[in-house]
Amino acid sequence: MNFLKTTRVRKVLLISAAAVFSAAVLLFSVGPFSVGAIEARLQAGAESALSLRGHDWAHVRMNGQTAIVTGAAPTDTARADALSTVAASTWSGGRVAGGVTRVIDETVDARLEHGFVFRADVAMNGRVLLRGDATDASAREALTRYAENQFAHGADTDLTLVPGGSASAAWQDTATRLLGQLARLDRGALVLQSSYGVLVGEAANPQTAQSVASALSSLPEPYQGAWIITPTGMPAQAHVPDVEACAAIIRAAQGADTLRFDRQGSSPSPLTAVALRRVGRVFQSCPSDSHLTVSVLREALAAGLDTARVDEVAVLLGNGVAEDPRVTVELVQDQDRAIRFSVTTLGG
């Protein structure tokens, strides 16, 4: 009799254990303690905390209790605060019952993400012109002093500070190195944009060209170098690894002058003609999958004038549309300048 009771009790206990196990599985699969529910709760808490701190640029996705933060950080301070905010957004009492246990930083620098550009051009009078953006006032002043010391005819500086920008040692070091190498050339221009620092110019001899190329081959991370350096009477030394580098090279080659046409005429101004020829030459060093689009503003000042301007631009580039499928010269209705260049991936 006792044996039967024991067997019955065991069955009841097994059935109860199975029921509890099934309920637990159901609870952690679809209930409030499921992985999906926990991730959704933690993500909502992190996003709310970021919004309260004013970090609208930051985004969060969850992998279990690990938060991955993405977005273009406007400053290093903002990045650090956003990461701390996410880490503290929900009680971190360990796994299962707790909150965010780990934060992974996948943010990028807004200066790399949103067209932050620094350029320098050697003018006809030998002065170097610094244009575009600077990370902060200290960097702007340091670059100005450095340029004035490196270039015999001094520097003309007009650099804009990014709102909320902060110091970036890597950016300032890269800009300084580029300026130092530009000072070694007879003429040329540099551009620092996205992750590329590029230099286009003419060197007195192959030794100088090789030395400049070597200096640009090891820029501070996250920057990479690209260059087209032409020794006097010799072929150019070129390194343009991808389409992004090609876009920066083209920007350097077009120069700092406003591109325009003669008033009510089809011919580009003399300086614009020089820039178009230079762009056409350097584009030949870009990767084979690069596509150059040259947009000419449609103004319709006189019958046939727009078409004539397109033809003039194509001739000066040295690459008629029919001869090089990688080059397109087109009329556009709305843009803020007479001639604009853009580089994309061929077929992209």
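**Exercise 1. What covers the buried residues of helix H7?**

Solution. The structure is a predicted model, and the first step is to list the residues concerned. Within helix H7, which spans residues 206–216, the buried residues are Thr208, Ala209, Val212, Ala213 and Leu216. These residues cover an arc of only 135° around the axis, which puts them on the same side of H7. The general background is that an α-helix has 3.6 residues a turn, so residues three or four places apart point the same way. The second step is to identify the cover, which includes helix H6 (169–182) together with the strands S8 (196–203), S9 (224–231) and S10 (237–239).

**Exercise 2. Identify the residue that caps the N-terminal end of H7, and give the distance involved.**

Solution. The cap is asparagine 205, from which a side-chain oxygen lies 3.2 Å from the backbone nitrogen of glutamine 207.

**Exercise 3. Decide whether threonine 85 is buried or exposed, and describe its surroundings.**

Solution. Begin with the location: threonine 85 is found in helix H3, which comprises residues 76–87. Next, compare the accessibility with the cut-off: buried means under 20% relative accessible area, and threonine 85, at 11% relative accessibility, therefore counts as buried. Then turn to polar partners, where the side chain of threonine 85 reaches the backbone oxygen of aspartate 81 at 2.7 Å. Finally, once neighbours within four places in sequence are left aside, threonine 85 is in contact with Ala49, Leu50, Arg53 and His55.

**Exercise 4. Describe the largest pocket, and state which element gives the largest share of its lining.**

Solution. The volume of the largest pocket is about 910 Å³. Its lining is made up of 35 residues, of which Val122, Arg187, Gly188, Ala189 and Arg278 are the closest to the centre. Two or more lining residues are given by each of strand S4 (117–122), strand S7 (187–193), S8, S9, helix H8 (243–253) and helix H9 (270–283). The largest share, six residues, comes from H9. Strands S8 and S9 thus link back to the first exercise, since they are among the elements that cover the buried residues of H7.

**Exercise 5. Set these details against the protein chain as a whole: how many helices and strands are there, and what percentage of the residues count as buried?**

Solution. The protein chain holds 10 helices and 13 strands, and 43% of its 348 residues count as buried. Among contacts with a separation of 6 or more, 66% are accounted for by residues 24 or more positions apart. The accessible surface comes to about 17,900 Å², and 54% of that surface belongs to carbon and sulfur atoms.

Note on methods:
Residues numbered from 1 in each chain as written. Predicted model: local features only at pLDDT ≥ 70, side-chain atom pairs only at ≥ 80, totals over all residues. Heavy atoms only, no water. Buried < 20%, exposed > 50% of the residue type's maximum accessible area, 1.4 Å probe, protein only. Helix = DSSP H or I, 4+ residues; strand = E, 2+ residues; numbered from the N terminus. Arc of directions from axis to C-beta. Contact = heavy atoms within 4.5 Å. Polar contact = N/O pair within 3.5 Å; in protein donor to acceptor, adjacent residues only side chain to side chain. Areas by Shrake-Rupley, 256 points an atom, 1.4 Å probe, with all protein chains shown as cover. 1 Å grid on protein atoms, 1.4 Å probe; cavity = no way out; pocket = protein on both sides within 12 Å on 5 of 7 lines; lining within 4 Å. Points joined across faces, edges and corners; volume = space filled by probe spheres on them.
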